[in-house]
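Please look through the structure below with me. I would like to ask how each statement about it can be justified, and to have every answer reasoned out step by step.

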2 protein chains.
Amino acid sequence: MRRTPVGRQTRARGIPEATVARLPLYLRALTALSERSVPTVSSEELAAAAGVNSAKLRKDFSYLGSYGTRGVGYDVEYLVYQISRELGLTQDWPVVIVGIGNLGHALANYGGFASRGFRVAALLDADPNVVGSTAAGLPVRHMDELESIVAGQHVSIGVITTPPGAAQQVCDRLVEAGVTSILNFAPTVLNVPDGVDVRKVDLSIELQILAFHEQRKSGEEPEEGPIEEPPVRERTPGPVRAAAAKLRRAAGGKDTKGDSDRQAVLPA
Amino acid sequence: MRRTPVGRQTRARGIPEATVARLPLYLRALTALSERSVPTVSSEELAAAAGVNSAKLRKDFSYLGSYGTRGVGYDVEYLVYQISRELGLTQDWPVVIVGIGNLGHALANYGGFASRGFRVAALLDADPNVVGSTAAGLPVRHMDELESIVAGQHVSIGVITTPPGAAQQVCDRLVEAGVTSILNFAPTVLNVPDGVDVRKVDLSIELQILAFHEQRKSGEEPEEGPIEEPPVRERTPGPVRAAAAKLRRAAGGKDTKGDSDRQAVLPA
DNA sequence: ATGCGTTTGTGAACGTGTGCACAAAGATGG
DNA sequence: CCATCTTTGTGCACACGTTCACAAACGCAT
Ligand SMILES: NC(=O)c1ccc[n+]([C@@H]2O[C@H](COP(=O)([O-])OP(=O)(O)OC[C@H]3O[C@@H](n4cnc5c(N)ncnc54)[C@H](O)[C@@H]3O)[C@@H](O)[C@H]2O)c1
Ligand SMILES: NC(=O)c1ccc[n+]([C@@H]2O[C@H](COP(=O)([O-])OP(=O)(O)OC[C@H]3O[C@@H](n4cnc5c(N)ncnc54)[C@H](O)[C@@H]3O)[C@@H](O)[C@H]2O)c1
């Protein structure tokens with residue numbers, strides 16, 4: 001195991017981001033094993049349960065330390081504890097949810113939320129019609145109370161489920177109040193100062209990515225082969241390019257890349 | 001006809017996955033510009049709007065082709081069209097949502113859903129109490145109808161919002177029926193045959209990642225220093241290591257790496 | 001103790017992604 | 001047609017991530 005590589009100037013310590021993103025996955029698989037009272041698990045088995053390659057899993061764990069016993073595997077309970085600790089789940093994380101509409105309601109009702117150290121400290125909304133109602137047994141409070149709640153309960157994580165137009169403003173207010181991690185469900189790019197983390201969950205983007213691959217499946221390419229790629233690219237004399245670009249823009253035609261110009265490149 | 005550089009065996013054609021994941025972001029920013037009737041935009045401006053580095057954006061676009069005019073920028077409308085086409089959004093994508101509980105309801109009501117070529121073909125549930133009710137104006141149909149709906153409307157994208165225990169089973173059925181892209185909201189690893197894409201949205205994972213970074217901010221390391229490494233060190237005779245490992249496992253203590261053994265290692 | 005089968009931990013090769021920095025393309029004005 | 005100014009498209013270097021493959025470590029039986 002040695003010691004940290006140190007050699008690098010970047011990330012002298014610390015766990016690679018890609019690894020951090022997988023730790024919750026391992027933790028989930030381990031928790032399931034733990035509930036079945038499985039005492040130990042090999043990297044192969046656990047990797048299968050988590051849906052990753054076993055070498056990757058071992059390398060991931062190697063960043064945490066040398067847990068695991070050669071010839072045997074990993075002690076499930078011990079690993080659960082180590083990963084939980086590394087992820088900071090041994091402490092309590094109060095969370096505020098801002099924007100209690102369709103999605104905010106669903107999140108508030110989400111059980112798996114509290115299961116792992118996360119606790120809904122408050123539900124907040126700006127709409128007087130919503131404020132005062134309850135969701136999942138919790139009262140919806142008015143935005144005016146945001147600052148006092150965040151300060152009073154030391155909330156450092158905020159969830160934004162407002163319409164996109166309100167997201168940046170809500171974000172600013174959360175940050176101002178002291179929140180330093182934000183989970184954003186609104187389809188907006190949030191601007192935050194250094195030191196504040198933002199992660200986003202964007203249904204629309206996910207669907208579009210699926211659509212992209214879906215198109216590839218049914219459409220063009222035979223699935224795997226070398227594939228014929230379109231012409232144009234690299235070498236087209238300057239002047240012509242310019243003219244072509246002009247034409248394109250003027251006429252809304254398609255050009256250059258992809259199945260497009262299988263046919264005629266220039267309309268003319 | 002030409003054909004791709006071919007040199008690589010991997011991804012001979014095609015757009016890098018990281019780029020694909022950003023295209024929807026660019027598209028969203030461009031759509032906003034389009035609505036404001038902005039005719040052209042520079043990579044710098046658009047990158048700012050999308051929250052990315054301008055060099056990255058230019059490189060991303062370069063995979064699509066040579067749209068854009070030097071000294072001017074990109075034609076907004078034209079780019080919107082090109083990206084839409086590349087993502088497959090110029091066609092209609094019927095989608096089924098399975099599991100109309102809290103989250104399924106929220107998704108069904110989500111307006112931004114239909115806005116980009118995605119159309120809810122059907123809402124499905126197994127619970128007789130839910131079947132027959134309506135969500136967002138659509139009737140909730142019984143799972144029995146899944147196969148006929150998927151086949152009849154050529155649905156290739158399915159969204160799973162059932163409890164985790166039902167997810168794999170639902171997934172299998174979707175795939176069997178002909179769905180080849182799945183968006184999974186249940187916290188489960190789905191097994192699918194080759195050719196089927198799965199993307200997941202996992203609130204719990206996102207929160208855990210935030211917690212990890214949050215812990216780093218407030219907690220331990222001074223932010224950058226070389227770090228003091230724990231004892232153990234490289235050369236520890238075999239037997240001792242073994243004994244140590246045993247102890248660890250037996251007592252649920254922590255060991256080896258990092259800040260761990262700050263406080264009391266063993267509860268007792 | 002020694003040997004055997006198993007499984008970890010990791011070096012090293014490779015693939016993917018990012019960002020700099022700049023030549024070349026084009027616009028624009030004379 | 002030339003000079004100048006802007007902005008793209010991309011070569012290149014480096015950072016990050018993944019996977020292979022294997023020695024070393026360990027449990028266990030003899
Ligand atoms: N519903 C979904 O499934 C879904 C899916 C993906 C993304 N989203 C996004 O999530 C967000 C919420 O979606 P929704 O369907 O719940 O919308 P919604 O309109 O049902 O709820 C939004 C809530 O935010 C509140 N709000 C508005 N402005 C506010 C402000 N300035 N401060 C505090 N609260 C404010 C509103 O009163 C309302 O209760 C939207 O940005 C949407 O695009 C929703
Ligand atoms: N609610 C949230 O905000 C949230 C957040 C993150 C993840 N999730 C996950 O999303 C999923 C749904 O969450 P929810 O809060 O909407 O749960 P829910 O219990 O409210 O809804 C689940 C629905 O699925 C239906 N269902 C159960 N088994 C089915 C089957 N075999 N076939 C078809 N339908 C079936 C149920 O009848 C119910 O209507 C869960 O896996 C949950 O962990 C939810």
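Q: What is meant by the domain bounds here, and which domains does chain A have?
A: Domain bounds are those given by an automatic or database domain assignment. For chain A of this predicted model, that assignment gives domain 1 (17-85) and domain 2 (93-203). The centres of domain 1 of chain A and domain 2 of chain A, taken over C-alpha atoms, are separated by 31 Å.

Q: What makes Asp60(A) and Arg22(A) a salt bridge?
A: The term requires a side-chain nitrogen of Lys or Arg within 4 Å of a carboxyl oxygen of Asp or Glu. For Asp60(A) and Arg22(A) the closest N and O atoms are 2.7 Å apart, and the pair is a salt bridge. Asp60(A) belongs to helix H3 (residues 54-64) of chain A and Arg22(A) to helix H1 (residues 17-35) of chain A, so this pair ties together parts that are 38 residues apart in sequence. Over all chains, the rule gives a count of 18 salt bridges.

Q: Which residues come nearest to DNA strand D?
A: A residue is near the strand if one of its heavy atoms lies within 4 Å of it. There are 30 residues around DNA strand D, and those that come nearest are Arg22(A), Ser43(B), Arg58(B), Tyr67(B) and Tyr74(B). By class, this surface has 7 nonpolar, 14 polar and 9 charged residues. Its largest share, 4 residues, comes from H3(A).

Q: How do you know which parts of DNA strand D face the protein within 4 Å?
A: One looks at the atoms of DNA strand D within 4 Å of the protein, of which 68% belong to sugar or phosphate and the rest to bases. Individual polar contacts, for which the cut-off is 3.5 Å between N or O atoms, give examples of both kinds. A polar side-chain atom of Ser43(B) lies 2.5 Å from a phosphate oxygen of the strand. On the base side, an N or O atom in the side chain of Arg58(B) is 2.9 Å from a base nitrogen, and a polar side-chain atom of Lys59(B) lies 3.1 Å from a base nitrogen.

Q: Why is the site of ligand 1 called shared between chains?
A: The site is called shared because the residues that surround ligand 1 come from chains A and B. There are 23 of these residues, and the closest are Asn102(A), Leu103(A), Asp125(A), Thr161(A) and Thr162(A). H7(A) supplies the largest share of the shell, 3 residues, and by class the shell has 16 nonpolar, 5 polar and 2 charged residues.

Q: What makes the approach of Asp125(A) to ligand 1 a polar contact?
A: The two atoms must be N or O and lie within 3.5 Å of each other. An N or O atom in the side chain of Asp125(A) is 2.5 Å from an oxygen atom of ligand 1, which meets that cut-off. A polar backbone atom of Leu103(A) is likewise found 2.8 Å from an oxygen atom of the ligand. On its own, ligand 1 has 820 Å² of accessible area, and the protein covers 82% of it.

Q: Why is the site of ligand 2 also described as shared?
A: Residues from chains A and B surround ligand 2, so this site too is shared between chains. Of its 23 surrounding residues, the closest are Leu107(A), Asn102(B), Leu103(B), Asp125(B) and Thr162(B). An oxygen atom of the ligand is 2.6 Å from an N or O atom in the side chain of Asp125(B), while a nitrogen atom of the ligand lies 3.3 Å from a backbone N or O atom of Ala126(B). Taken alone, ligand 2 exposes 810 Å², of which the protein buries 82%. H8(B) gives the most to the shell, with 3 residues.

Q: How do you know that strand E4 and strand E6 of chain A pair?
A: Pairing needs at least two bridges between two strands. Strand E4 (residues 118-125) and strand E6 (residues 138-142) of chain A have 3 bridges in the parallel sense, and the requirement is met. One bridge partner in E6(A) is Arg141(A), which is matched with Leu124(A).

Q: What makes strand E5 and strand E9 of chain A edge strands?
A: The open sheet of chain A has 7 strands in the order E5-E6-E4-E3-E7-E8-E9, with mixed pairing. Strand E5 (134-135) and strand E9 (197-200) each pair on one side only, and they are the edge strands.

How values were computed:
Residues are numbered from 1 along each chain as its sequence is written. Chains are lettered from A and ligands numbered from 1 in the order in which they are written. This is a predicted model: local features need pLDDT of at least 70, side-chain atom pairs count only at pLDDT 80 or more; totals for chains, interfaces and linings use all residues. Side-chain values use heavy atoms; hydrogens and water are left out. A polar contact is a pair of N or O atoms within 3.5 Å; within protein, one must be able to donate a hydrogen and the other to accept it, and residues adjacent in sequence count only if both atoms are side-chain atoms. Accessible areas come from the Shrake-Rupley method with a 1.4 Å probe; for residues, only the protein chains shown count as cover. Helices (H or I, at least four residues) and strands (E, at least two) are DSSP runs, numbered from the N terminus. Ala, Val, Leu, Ile, Met, Phe, Trp, Tyr, Cys and Pro count as nonpolar, Asp, Glu, Lys and Arg as charged, and the others, Gly among them, as polar.
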